[in-house]
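Reader: Could you take me closely through a single part of this model, and then set a second part beside it for context?

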Amino acid sequence: MQVKISHTALVSPTTPPFHEDHTLPLSHLDTDPNLHVTFRYLRTYLNTATSAAAAVVNDPFQVISAALSAALVHYYPLAATLRQNHLFCSVKNLTVPLIHATVDDTTLESLNYLDDNPDAHFLEQLVPDPDQEERLVNPCVLQVTVFKCGGFTLGAAIHHSLCDGLGATQFFNVMAELARGATRVSVEPVWDRTSLLGPRDPPRVEAPIHEFLSLEKGFSSYSEETGPVLMECFNVSDECLEKFKTALFERCGLKFTTFEALGAFIWRAKVKASKIPGEEKVKFAYAINMRKQVKPPLPAGYWGNGCVPMYAQLSAKELVEKPIWETAQLINKSKSRATDEYVRSFIDFQHLHYGDGITAGKGVSGFTDWRHLGHSTVDFGWGGPVTVLPLSRNLLGSVEPCFFLPYSSVSSGRKDGFKVLVNLRESAMPAFKEEMKEFANHEFGLSRY
């Protein structure tokens, strides 16, 4: 399998969205140090045209290039330059690099549509990977890779300071609408970042932010030494998951969501396999969408970061030795902090201590659920993506994130349940696989409690 780069087009807006250079401020959710990363992921598409435009042109690169150009009229900040806490928008330099690549010797079907533990080195070639300097100059870089079968992948590298997953999906949906022939966008984007999510006057921290975040100048969560990190997918069947949640209910009388129950099991398994010293603090980190929780709610077109990080915290010894339902309950209770005051306190904390080294420290395990993010709606004229796969390993202050993902819609075999993509240090992966094997065999380790 060889990925050949044909060329890179610098795509500019179809018509100039402005006529004078200017800056756009970012919110303190955007400038969170944990978001100073590029988020990389890809979507996989079949060669089955479902729109007139795709049927006539039948060239994914041409269709997506034109759609990107039209969308940038509305989302031109993606073509701007990222500075410390704002964007610089230049009349003369407003482009998004779009890479055109091909894989002439392989079909997507032969790779099971990139659904089942695809080769990591090959995946890396399908998604742009800008270096530290380039990700500021070009905070959005895209790549269309066309395979032998005519199917294609769309790889994206977008700086997290510009938007979260929901905001990026909003942008790609606008691109897709325009690609299918729409003459106007269904949702107009809203930028007002500092007016909608600005600090209070005077700023004040009244929510328990200090319980999970501290100040440590010079410390970077993403420079934590773990050795080589591997990426592995694990299958989780509905039957196994329901038996696990039923077993937890029988032990404690509480019902947990899939995210709480399975998240607790995987968190414990990762820490146990990694042999984290018992006295060290470990954190379960996840982002929660606050667009409707803040007062007033954010407008529908707001596409900036609208999520805040939430944490559950234990010592490694407590996590490994506690009954698993107590850990699931801890994750459940952490959701109760998702209030307007928590968001405002988080913003004020970031405002007061910006540049002071805000960090959640070491031992952070990041978790995110991609099963309901609406990726399937991004249809450029060949139907929605059949597989969506994240490649980023820096998320929520964690270098070993975990993603809950749907199976490919055309993958042979499994239709039951979903898959869990786990990033974990190489030294711990064998022991972790054993934990997941026991889980698949309905051996949940509850009998000792």
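Author: A residue is called buried when its relative accessible area is under 20%, exposed when over 50%, and partly exposed in between, with a 1.4 Å probe and protein chains only. The model is predicted, so local features need pLDDT of at least 70 and side-chain atom pairs pLDDT 80 or more, whereas totals for chains, interfaces and linings use all residues. Residues are numbered from 1 along each chain as its sequence is written, and side-chain values use heavy atoms, with hydrogens and water left out.

The part to examine is Arg344, which has its place in helix H11 (residues 340-353), helices being DSSP runs of H or I with at least four residues, numbered from the N terminus. Arg344 counts as buried because its relative accessibility is 12%. A polar atom of the Arg344 side chain lies 3.3 Å from the backbone oxygen of Leu196. Once its neighbours within four places in sequence are left aside, Arg344 is in contact (heavy atoms within 4.5 Å) with Leu196, Leu197 and Gly198, as well as with Arg200, Val294 and Lys295.

For context, helix H2 (residues 60-71) also repays attention. Nine of the twelve residues of H2 are buried, so this helix is largely enclosed by the rest of the structure; the buried residues are Pro60, Phe61, Val63, Ile64, Ser65, Ala67, Leu68, Ser69 and Ala71. At the N-terminal end of H2, Asp59 acts as a cap, with a side-chain oxygen 3.1 Å from the backbone nitrogen of Phe61.

Note on methods: Helices (H or I, at least four residues) and strands (E, at least two) are DSSP runs, numbered from the N terminus. A polar contact is a pair of N or O atoms within 3.5 Å; within protein, one must be able to donate a hydrogen and the other to accept it, and residues adjacent in sequence count only if both atoms are side-chain atoms.
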